[in-house]
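Colleague: I am new to reading protein models, and I would like a close look at a single part of this one. Could you pick one strand and walk me slowly through its surroundings?

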Amino acid sequence: MANDLVNVFYLEMLAPPTGTPPTPRGGLAVVHVENPTVPYYRALFDAVGAEFHWYSRKEMSDQALAAIIDDPSNELHVLQADGVAAGFAEIDRRRPDDVELAFFGLIRSFIGKGLGKWFLQWAVAKAWSSCPRRVWLHTCTDDHPAALPNYLKAGFTIFRKETVRRPNHTERQGEDATAS
């Protein structure tokens with residue numbers, strides 16, 4: 001069926017942006033979580049992504065997920081607003097010349113408060129800090145409607161688009177395996 005189809009957009013940035021946006025308000029901090037536990041990561045991933053059908057990491061075994069999040073080349077940065085987790089950015093540096101903003105998003109209650117643009121620019125600057133050849137990411141039509149426009153405004157350009165069938169997810173080991 002047509003409603004099972006999802007457009008996936010692959011975007012890249014080939015040079016770092018210039019300028020630094022001002023912090024939108026006080027009480028914001030970005031914390032590098034160097035050794036996240038699998039349950040912590042899963043809770044954060046679900047808090048940001050469940051509504052937008054993020055499923056890829058939910059379907060992984062704890063062992064497979066731990067292998068990724070324990071790798072020092074894969075960074076988890078959590079945006080905190082007044083000490084409360086507001087979102088996260090996961091920067092994958094496992095291919096040093098090709099840094100991926102693997103996951104990025106805000107928890108629903110923090111969307112629309114002016115934090116997303118600033119945090120995205122922070123994450124992009126952090127991704128460029130190792131001087132890669134490019135920074136890239138992917139998003140899809142299941143993601144927040146502002147995701148693609150925000151990535152384009154931040155300076156990313158689309159280098160590939162594909163239409164895929166949304167996987168049929170069923171409950172896995174007692175947890176809802178909705179999509180990404």
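Modeller: Happy to! One term comes before we start: two strands pair if DSSP finds at least two bridges between them. Keep in mind, too, that this is a predicted model. The mean pLDDT of the chain is 90, and 92% of its residues reach 70 or more.

Let us take strand β4 as our part. First, its place in the sheet. Seven strands form an open sheet with mixed pairing, in the order β2-β3-β4-β5-β6-β1-β7, so you can find β4 written between β3 and β5. The edges of the sheet are β2 (28-33) and β7 (157-165), each of which pairs on one side only. From one strand to the next, the twist averages 25 degrees.

Now look at one neighbour. Strand β3 (residues 74-81) pairs with strand β4 (residues 84-92) in the antiparallel sense, over 8 bridges. Two places help you see this: A81 stands opposite V84 in β4, and E75 stands opposite I91 in β4. The two strands form a hairpin with 2 residues between them. In that turn, D82 has a positive phi of about 55 degrees.

Turn next to the other neighbour, β5 (98-106). Its pairing with β4 is antiparallel as well, over 6 bridges. Here D92 has E100 in β5 as its bridge partner. These strands also make a hairpin, with 5 residues between them.

What lies over this part of the sheet? Helix α1 (residues 38-49) lies across β2, β3, β4 and β5, and runs at about 105 degrees to β4.

How covered is the strand? Of the 9 residues in β4, 7 are buried, so the strand is mostly covered. As general background, side chains in a regular strand alternate between the two faces of the sheet.

A good residue to zoom in on is F88. Leaving aside residues up to four places away in sequence, F88 touches Y41, L44, F45, V48, W54, L76, H77, V78, F103, F104, G105 and F119. F88 also belongs to the largest nonpolar core, which has 46 residues. Within that core, F88 is listed with Y41, L79, L101, F104, Y151 and F156 as touching the most other members. Helix α3 (residues 115-128) gives the most to this core, with 8 residues. Apart from it lies another core, of 5 residues, including V6, V8, W136 and C140.

That second core gives us a small comparison of cysteines. C140 has a relative accessible area of 15%, which is under 20%, so C140 is buried. C131 is at 65%, which is over 50%, so C131 counts as exposed. The disulfide count comes to 0.

Close by in the sequence is T141, in the loop between β6 (134-140) and α4 (147-153). T141 counts as partly exposed because its relative accessibility is 45%. Not counting residues up to four places away in sequence, T141 touches V6, N7 and F9.

One last word of care concerns residues 170-180. Over that stretch pLDDT stays under 50, though the model has 31 contacts there beyond four places in sequence. Where pLDDT is low, the predicted coordinates should not be read in detail.

Methods:
Residues numbered from 1 in each chain as written. Predicted model: local features only at pLDDT ≥ 70, side-chain atom pairs only at ≥ 80, totals over all residues. Heavy atoms only, no water. Core = buried A, V, L, I, M, F, W, Y, C linked by side-chain atoms within 4.5 Å. Buried < 20%, exposed > 50% of the residue type's maximum accessible area, 1.4 Å probe, protein only. Helix = DSSP H or I, 4+ residues; strand = E, 2+ residues; numbered from the N terminus. Contact = heavy atoms within 4.5 Å. Disulfide = S-S within 2.5 Å. Axes fitted to C-alpha atoms, helices over the stretch in contact; angles between N-to-C directions. pLDDT = per-residue confidence, 0-100.
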